Amino acid sequence: MAIYNAEHRRLMEMFYPSDNQEYSEVLSSLGTFMQKEILPVSPKLDTGEVPIMGPRKALFEQGMCRIPFPAKYGGLGLPFSVYANAVELLGTADASIALSIEIHNAVAEGLLRYGSEEQRKKYLQRIVSGKSLASFALTEPASGSDAGNMATTAERKGGDYIINGSKMFITNAGEADLYLVFAKTRRGPSCFIVEAPNPGLKFGGELGKLGMKGSKTSEVIFSDCRVPVEDHMGEEGKGADYAKEILHGARIVVAALNVGIAQIAYSKALAYTKARRAFGKSIAEFQLIREKIADMKTGISAGRLLYFYASKVKESGEDFSSEASQAKVFATEMSLRVCDHAIQIHGGYGYTTDDLHRHWRDARLLTIGEGTSEVLRMLIARRELARSL
Amino acid sequence: MKIAVCVKHAVDETELKIDPSGRPQLTGAVGKMSTFDKNAVEEGLRLKTTHSGEVVVFTVGTADSKKTMKEALAMGADRGVIVLADPLEVDAARTAGMLAAAIKRGGPFDVVLCSEGSSDAYTGLVPPMLAEFLGMAYVGYARKVEVSGASARIGRSLEDSVEVVETPVPFVAAVVSEINEPRYPTLIQIMQASKKPLEELNGEQLAPAGDYKQASLVSMSAQPSSRKHVVIQGSPEEAAAKLVDALTKEGVLPK
């Protein structure tokens with residue numbers, strides 16, 4: 001089955017009655033590219049035989065990161081849901097590259113929303129075109145979702161800020177050319193663009209991970225890291241708010257990524273149920289297997305609708321934090337269930353085959369990263385209780 | 001150099017659904033540019049890079065063919081011409097006649113490129129008929145095309161050998177997939193393709209059928225194929241060797 005298929009096309013028609021054809025052409029072309037150039041190397045990204053740089057660069061050259069940004073900055077000016085759908089396709093082709101690109105584009109979104117015109121001109125075009133790789137450095141060894149408790153500091157000295165501290169579990173660390181860094185000034189959490197190389201910017205060793213092994217994750221260490229005052233983004237003391245807003249958008253994309261992971265695990269499981277025979281018949285004929293197929297498919301369809309809906313609310317300019325969180329909580333937990341069912345359906349082969357259990361390992365990250373399910377449930381409930389008043 | 005490339009908006013076989021009676025559901029089926037037509041477009045673009053000039057893409061199809069034409073334009077073709085007719089209702093000769101009329105109307109062209117066969121019907125009949133209608137030389141199975149002045153050298157992939165022929169320009173060549181690796185258009189090129197000229201012509205008016213008689217399609221159904229359910233046992237090494245033997249005997253692998 002094509003990565004971009006009739007179901008995606010139908011959703012585009014429903015959500016965009018007049019412009020869906022153009023969006024589908026873009027996504028269909030991207031899907032074909034991923035099917036031929038990314039999907040076949042995906043198992044080797046997991047084992048480390050193929051480094052991420054080559055396939056990621058190829059996707060940059062195709063224009064994947066340009067999708068949701070204005071033409072003025074080198075973007076294609078297409079709706080956010082088209083971008084989210086593209087990330088779903090990439091999640092199917094390779095989750096590690098999807099994660100790397102999703103983080104990269106979250107930085108671009110931050111620059112677009114909070115950067116000055118000079119900063120956008122200087123950095124945004126480079127990120128959108130993929131000429132520079134970006135990384136988002138918020139989480140610390142002792143603070144995650146409670147970003148306000150960050151320990152990294154930025155002290156103003158003349159025309160520079162001096163950043164000290166460290167950031168943990170940072171995707172694209174060591175490879176990126178630009179880091180969006182959150183550090184506390186006298187006024188509170190603030191946001192900086194740090195260009196690599198910088199003598200005060202160092203990296204810990206690569207962290208061993210359960211999944212998403214194709215992407216690089218390390219600690220980022222700031223040791224008297226000097227950043228010119230022009231690279232301070234937005235207002236001092238508002239960094240935590242910026243991070244929160246940037247992550248709301250990223251959560252929609254993470255939901256899409258997980259729908260993509262679930263889709264590939266489901267496709268493999270579906271094919272296996274038809275091929276595998278037990279007790280003289282195809283296992284697809286057993287009711288308990290059929291129950292799993294039904295639950296997997298229903299979850300994927302629901303997850304897709306949730307991220308599409310959250311994207312549309314975002315595009316409307318209204319507060320979408322609850323919808324984004326709903327999509328992320330549901331899609332990440334759903335994709336874990338789907339990948340687990342896929343392993344169960346494959347039996348012993350599921351437990352022993354890298355090319356199957358890697359989907360579960362990849363999916364496992366995202367009920368934690370970019371807002372844990374627990375924190376996001378609190379956010380959803382708080383927002384919905386406030387809305388109902 | 002003026003280069004014409006003929007393409008077909010074919011049924012996407014990867015998304016084709018078969019109904020319970022075994023008939024392919026052609027109504028509403030998803031279409032795509034016929035697989036090897038991309039090689040023909042790519043070769044046209046490469047010739048343009050070497051010799052400069054213009055690449056014009058032609059197709060016979062319904063309005064749905066726009067999708068395929070836009071893909072060819074996104075790859076880099078300069079403009080496109082759709083000859084409106086239902087491919088399910090016109091046979092290879094009528095298709096070739098309509099293409100020839102459109103190419104003559106927009107010509108003269110130095111090179112006309114097609115692929116060896118479409119990925120849905122795969123009759124392979126249109127390119128030689130087109131050459132006949134255009135009064136041009138025809139070279140099939142083209143794997144390398146080098147144009148130099150008034151002649152061209154074309155390498156042909158035959159069963160067990162490669163043949164090199166020389167042909168006068170203009171000519172029609174049907175290319176095979178070995179000829180090149182088609183480029184992927186970038187997303188920017190896809191969006192810009194909508195701005196390139198795309199002309200629509202009425203097939204019947206352009207090339208009236210007159211008293212031409214053609215066979216009409218009565219039914220189409222999938223050929224049932226039975227599976228052999230061969231189970232190969234043994235250690236991985238033994239099983240692999242047995243599998244290679246079995247596949248060789250079936251003709252899947254060369255002897």
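Modeller: In this predicted model, 41% of the 255 residues of chain B count as buried. Chain B has seven helices and 11 strands, and its C-alpha trace spans about 65 × 45 × 40 Å along the principal axes.

Biologist: Which residues of chain B make a nonpolar surface patch?

Modeller: B:Leu88, B:Leu217 and B:Met220 make one of about 280 Å².

Biologist: Where does B:Leu88 lie in chain B?

Modeller: B:Leu88 is found in the loop that runs between β5 (79-84) and α3 (92-106) of chain B.

Biologist: Why does B:Leu88 count as partly exposed?

Modeller: The class between buried and exposed runs from 20% to 50% relative accessible area. B:Leu88 counts as partly exposed because its relative accessibility is 49%.

Biologist: I should now like to turn to pockets. What does rolling a probe over the atoms show?

Modeller: A probe the size of a water molecule, rolled over the atoms, shows where empty space is left. In this structure, the second largest pocket holds about 1100 Å³ of space.

Biologist: How many residues line the second largest pocket, and which lie nearest its centre?

Modeller: The lining has 45 residues, and those nearest the centre are A:Thr139, A:Ile368, A:Gly369, A:Glu370 and A:Gly371. By class, 23 residues of this lining are nonpolar, 13 are polar and nine are charged.

Biologist: Which element gives the most to the lining of the second largest pocket?

Modeller: That element is α8(A), with seven residues. In chain A, α6 (95-114), β3 (160-171), α8 (239-275), α12 (354-364) and α13 (373-387) each supply at least two residues of this lining.

Technical notes:
Residues numbered from 1 in each chain as written. Chains lettered and ligands numbered in written order. Predicted model: local features only at pLDDT ≥ 70, side-chain atom pairs only at ≥ 80, totals over all residues. Heavy atoms only, no water. Patch = residues over 30% accessible without salt bridge, like charges linked within 9 Å, V, L, I, M, F, W, Y side chains within 5 Å. Areas by Shrake-Rupley, 256 points an atom, 1.4 Å probe, with all protein chains shown as cover. Salt bridge = Lys/Arg side-chain N within 4 Å of Asp/Glu carboxyl O. Helix = DSSP H or I, 4+ residues; strand = E, 2+ residues; numbered from the N terminus. Buried < 20%, exposed > 50% of the residue type's maximum accessible area, 1.4 Å probe, protein only. 1 Å grid on protein atoms, 1.4 Å probe; cavity = no way out; pocket = protein on both sides within 12 Å on 5 of 7 lines; lining within 4 Å. Points joined across faces, edges and corners; volume = space filled by probe spheres on them. Nonpolar A, V, L, I, M, F, W, Y, C, P; charged D, E, K, R; others polar.
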